[in-house]
Amino acid sequence: SPPEEVEDASEPTKRDRSHLENTLKLNEEKPADDVSGVLQRLRKIYHSSIKPLEHSYRYNELRQHEITDGEITSKPMVLFLGPWSVGKSSMINYLLGLDNTPYQLYTGAEPTTSEFTVIMHGPKLKTIEGIVMAADSARSFSPLEKFGQNFLEKLIGIEVPHKLLERVTFVDTPGIIENRKQQERGYPFNDVCQWFIDRADLIFVVFDPTKLDVGLELEMLFRQLKGRESQIRIILNKADSLATQELMRVYGALFWSLAPLINVTEPPRVYVSSFWPHDYHPETHRDLFLKEEISLLEDLNQVIENRMENKIAFIRQHAIRVRIHALLVDRYLQTYKDKMTFFSDGEMVFRDIVEDPDRFFIFKSILAKTNVSKFDLPNREAYKDFFGINPITSFKLLSQQCSYMGGCFLEKIEKAITRELPDLLGSIGLGKKPNVLSCDVTGCGETPKNRYRKP
């Protein structure tokens, strides 16, 4: 209902919340499943088998993605995106039952959320400044420091002692305001959104059916979501504010305006409902809205249940890319050594190789190796920049990266990719229902789906 009616003297009736409790299993005394043991093993594999190669070949300078311990142990993250005043904050308040508590997120008809708000679990209600969150390396937010102090002032954390937050973290974002320049925000808004998009396990893009303007900032956002289609859910919120016929028209219009932005064979799931505690308007499709809401909650629950599989698959994807990067640098270095003679000018020789790696079959020779997909190969241009900062002579060949006690770096990462991580994945699948551990979800096959690839 429109905000004016809420101010009415008679408080609107609240809906029953039991379906929330049941679907998200908030009342169950969950048996402490051995997540901590699996996480310990995962950290050990990462530190002993993946990180050495990552450091040795400075992978972070190519991808700008260093995995911290905070990221390995972090909970699944649900990101709320969309235009301003579509009900993102109200939806979080509703899911967590924060309405009329001191910690409800501020909501209203104007653009109200100007910060990136991270809602996470804590023993008691408290607010944490962004500067403090970024300084704490145990949290997964320390890499956000690179966006500068202006941004950290727009980052805020809220700890809430809520059962759901023991298993998931919510991130509320400032609404997209069309015709608003990024510069006015004072920090790189799109880059920050991209950082959260790359790490989110579920991305809710929320729309208000009464304001469907798909403008430039929203187009930009969908461009950033490329490659993450399987994580996106579109929410047509406040659905009970329209008559059924009007709602159908808007549903069609939404798909029409989003179609050019999301070109995938399978369109993302759209949920049509009103995500807030008040009762649905009479004469609207109450049953449909409730069913849609339960479907969305089941979706959320699925992400929480698959948390460990996704985490292991994510580390394995990372390991695959680190291995490919190491093989490429090794190949560049080997080619350089082969071409160098006593009289050569090293810089000239290397410039030839970097300018035209195909002439020296650098990428082709990597594809000839087992288990390398051409879709996982990085961009050739990226290596021009990479070697511009990291001289080729500062690297060692893979064959020299072995020690008597520690074994060889390459062998260790290959063992992690082909044996240790799939075994770890198998060990958590044992206690679960069969069929949950499908390779489609976890990418445990030999040619994994790269859910985390940047376009």
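1. A salt bridge is taken here as a side-chain nitrogen of Lys or Arg within 4 Å of a carboxyl oxygen of Asp or Glu. On that criterion, the whole of this predicted model contains 14 salt bridges.

2. Lys25 pairs with Glu305, with 3.9 Å between the closest N and O atoms. This salt bridge joins distant parts of the chain, 280 residues apart: Lys25 lies in the loop between α2 (18-23) and α3, and Glu305 in helix α13 (residues 286-305). Lys25 is partly exposed at 28% relative accessible area, and Glu305 is also partly exposed, at 29%. Both residues belong to a network of salt bridges with Arg167.

3. Helix α13 also holds Glu292, which is linked to Arg269 in strand β8 (residues 269-272), 23 residues apart. The closest N and O atoms of this salt bridge are 3.1 Å apart. Glu292 is buried, at 11% relative accessibility, whereas Arg269 is partly exposed at 34%.

4. Within helix α17, Glu381 and Lys384 form a salt bridge of 3.5 Å, N to O. They are three residues apart, and therefore separated by about one helical turn. Glu381 is partly exposed at 45%, as is Lys384 at 27%.

5. The largest nonpolar core comprises 53 residues, with Ile315, Tyr332, Tyr383 and Phe387 having the most contacts inside it. Several helices each supply at least two of its residues, including α3 (35-56), α14 (307-339), α17 (380-389) and α18 (409-429). The largest share, 15 residues, comes from α14. Apart from this core lies another, of 47 residues, among them Leu79, Phe116, Ala134 and Val205.

6. Leaving aside residues up to four places away in sequence, Phe387 contacts Val329, Tyr332, Phe350, Val354, Ile392 and Phe395.

Definitions and conventions
Residues numbered from 1 in each chain as written. Predicted model: local features only at pLDDT ≥ 70, side-chain atom pairs only at ≥ 80, totals over all residues. Heavy atoms only, no water. Core = buried A, V, L, I, M, F, W, Y, C linked by side-chain atoms within 4.5 Å. Buried < 20%, exposed > 50% of the residue type's maximum accessible area, 1.4 Å probe, protein only. Helix = DSSP H or I, 4+ residues; strand = E, 2+ residues; numbered from the N terminus. Contact = heavy atoms within 4.5 Å.
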